[in-house]
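Let's take a walk through a protein model together. Keep the 3D view open and turn it as you read.

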Amino acid sequence: MNFSYWEQQSFFRYDALVIGSGIVGLSAAYYLKIKYPDWKIAVLERGMLPSGASTRNAGFACFGSISELIEQEKAAGTDGLLHLIERRWKGLLRLRELLGDQTIGFRNLGGYELFDNDSAVLEKECREKIRYYNLLIQSIVSQQEVFSVNNRKINTFGFQNVHALIENKLEGQIDTGKMMFALMQKALMTGVLLFNNCTVNRVEPVPQENRVYCTFGNIQARHLLLATNAFTKSLVPELDVVPGRGQVLITEPIPDLKPKGTFHYDKGFYYFRNIHDRILIGGGRNLAFEEEATTQFGLTDTIQQRLEQLLREIILPGIPFCIAQRWSGIMAFGKEITPIIQQLQPGIYCAVRGSGMGIAMGAQTGYDLAKMVG
């Protein structure tokens, strides 16, 4: 396409350019515009809607189940885990403050970790760690006894083949469609521009600016912020970022649906919740780690069949259900579970690798990224 002189002058030069319009990218653009109101700032997005996982997840407002915290402490150490929990908690508080609980559909219905009849050893380990993690997070969340055993709710929720539940009373759920719609509006109202269906192929630093080569040509910016998460490798191959596809399905409405809250199963590899009298369930990467380490959206029979099996045998035993929709989202992981928030070179910054906790950390990560620039 041949652009006019006017288009080239007004739409192809920026003070700051953000790549990726997920929760991190839009938060970064918003906070950067608040910090520098006179700056000309734009966000480039490869899809019509945010690609990746920001609108394709389960909408958990969580900071980790007991079994997840155990595994994460093994990987990051106690200090590292504390830092992660603090980021997640602060990120959720920042998100709620930025957009408002009603706007994002936040509901504090509690979170629950399920242990089936084959996971007695894991359940015992988690139960023994409840007091330890309650004390560990107390200074962060300013509450006592956050985690507790709550087996009486097994029958309330109508579960079968479940012998224990550990409750997290601070866990909630979010409507991430509403959340991202509101975040887009928030950024646009400050004067941030958003360009969709604009794939970035490469970036090239040149003296005093950066060139971004995308679908429609090359755009110049003094500051470049990468919020590309799972798609980062195509632009910065050396970063430790590995994609992880998460497959999801949602049922048709179910009369008198019993489960209310957010639920974790099998060390967090499976997760489900209620939404509009439906059950949304996702996960199963652990069945095929290599195959699911992809940036290609799609579904597999093995994982979809496992999700339906959990619905039949544990979550909705004896209750007929129909599947309304299936989809996938792309998360980002790595050898370390902490996010990468750093300056890569003069004028180029990145905030990537949400490790499956992008919703919890996203607003705080975007804020931290914007704070680095200037």
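What follows is a short tour of a few strands, a pocket and some single residues.

## Before we start

One thing to keep in mind: this is a predicted model.

## A strand tucked inside

Let's begin with strand β1, which covers residues 13-19. Of its 7 residues, 6 are buried, so β1 is largely enclosed by the rest of the structure.

Which strands does β1 pair with? One partner is strand β11 (residues 217-226), and the two run parallel, joined by 6 bridges. If you want to spot this pairing on screen, look for Val18, whose bridge partner in β11 is Leu225. Another partner is strand β2 (residues 41-44), also parallel to β1, this time with 4 bridges. Here you can look for Leu17, which sits opposite Ala42 of β2. Helix α2 (residues 23-35) belongs to this picture too: β1, α2 and β2 form a β-α-β unit, and that unit is right-handed.

## A hairpin and its neighbour

Now move along to β15 (278-283). This strand is mostly covered, with 5 of its 6 residues buried. β15 runs antiparallel to β14, and 6 bridges hold the pair together; one of the matches is Tyr271 with Gly282 in β15. β15 is also antiparallel to β12, through 3 bridges, and there Leu249 faces Ile281 of β15.

β14 and β15 form a hairpin with 2 residues between the strands. His276 is found in that loop. Is His276 buried or exposed? With a relative accessibility of 60%, His276 counts as exposed, because the cut-off for that is over 50%.

## Two residues with an unusual twist

Most residues other than glycine have a negative phi. His276 goes the other way: its phi is positive, at about 55°, although His276 is not a glycine.

Ser355 has a positive phi of about 55° as well, and Ser355 isn't a glycine either. You'll find Ser355 in the loop between β18 (348-352) and α11 (358-372). Unlike the exposed His276, Ser355 is buried, with a relative accessible area of 15%.

## The second largest pocket

Next, look for the second largest pocket, which has a volume of about 350 Å³. It is lined by 17 residues, and the closest to its centre are Asn57, Ile250, Ile275, Leu280 and Trp327.

Which elements supply at least two residues each to this lining? They are α8 (176-189), β14 (270-275), β15 (278-283) and β16 (323-333), so the two hairpin strands turn up here again. As for chemistry, the lining divides into 6 nonpolar, 7 polar and 4 charged residues.

## Two more buried residues

Let's finish with a pair of side trips. Asn134 is in helix α6 (residues 130-141) and is buried, at 5% relative accessible area. Setting aside residues up to four places away in sequence, Asn134 touches Glu145, Val146 and Phe147.

Leu235 is in the loop between β11 and β12 (242-251). What is the relative accessibility of Leu235? The value is 15%, and Leu235 counts as buried because the cut-off is under 20%. Apart from neighbours within four places in sequence, Leu235 is in contact with Ile19, Val200, Asn201, Arg202, Leu226 and Thr228. Among these, Ile19 takes you back to strand β1 (residues 13-19), where the tour began. For a sense of distance, the C-alpha atoms of Leu235 and Phe106 are separated by 35 Å, and the two residues are 129 residues apart along the chain.

Note on methods: Residues are numbered from 1 along each chain as its sequence is written. This is a predicted model: local features need pLDDT of at least 70, side-chain atom pairs count only at pLDDT 80 or more; totals for chains, interfaces and linings use all residues. Side-chain values use heavy atoms; hydrogens and water are left out. On a 1 Å grid over the protein atoms alone, a cavity is a set of points where a 1.4 Å probe fits but cannot get out, and a pocket is an open set with protein on both sides within 12 Å along at least five of seven lines; lining residues have an atom within 4 Å of a point. Grid points are joined across faces, edges and corners, and a volume is the space filled by probe spheres set on the points. Ala, Val, Leu, Ile, Met, Phe, Trp, Tyr, Cys and Pro count as nonpolar, Asp, Glu, Lys and Arg as charged, and the others, Gly among them, as polar. Buried means under 20% relative accessible area, exposed over 50%, partly exposed in between (1.4 Å probe, protein chains only). Two strands pair if DSSP finds at least two bridges between them. A crossover is right-handed if, with the strands pointing away from the viewer, the path from the first strand over the helix to the second runs clockwise. Contact means heavy atoms within 4.5 Å.
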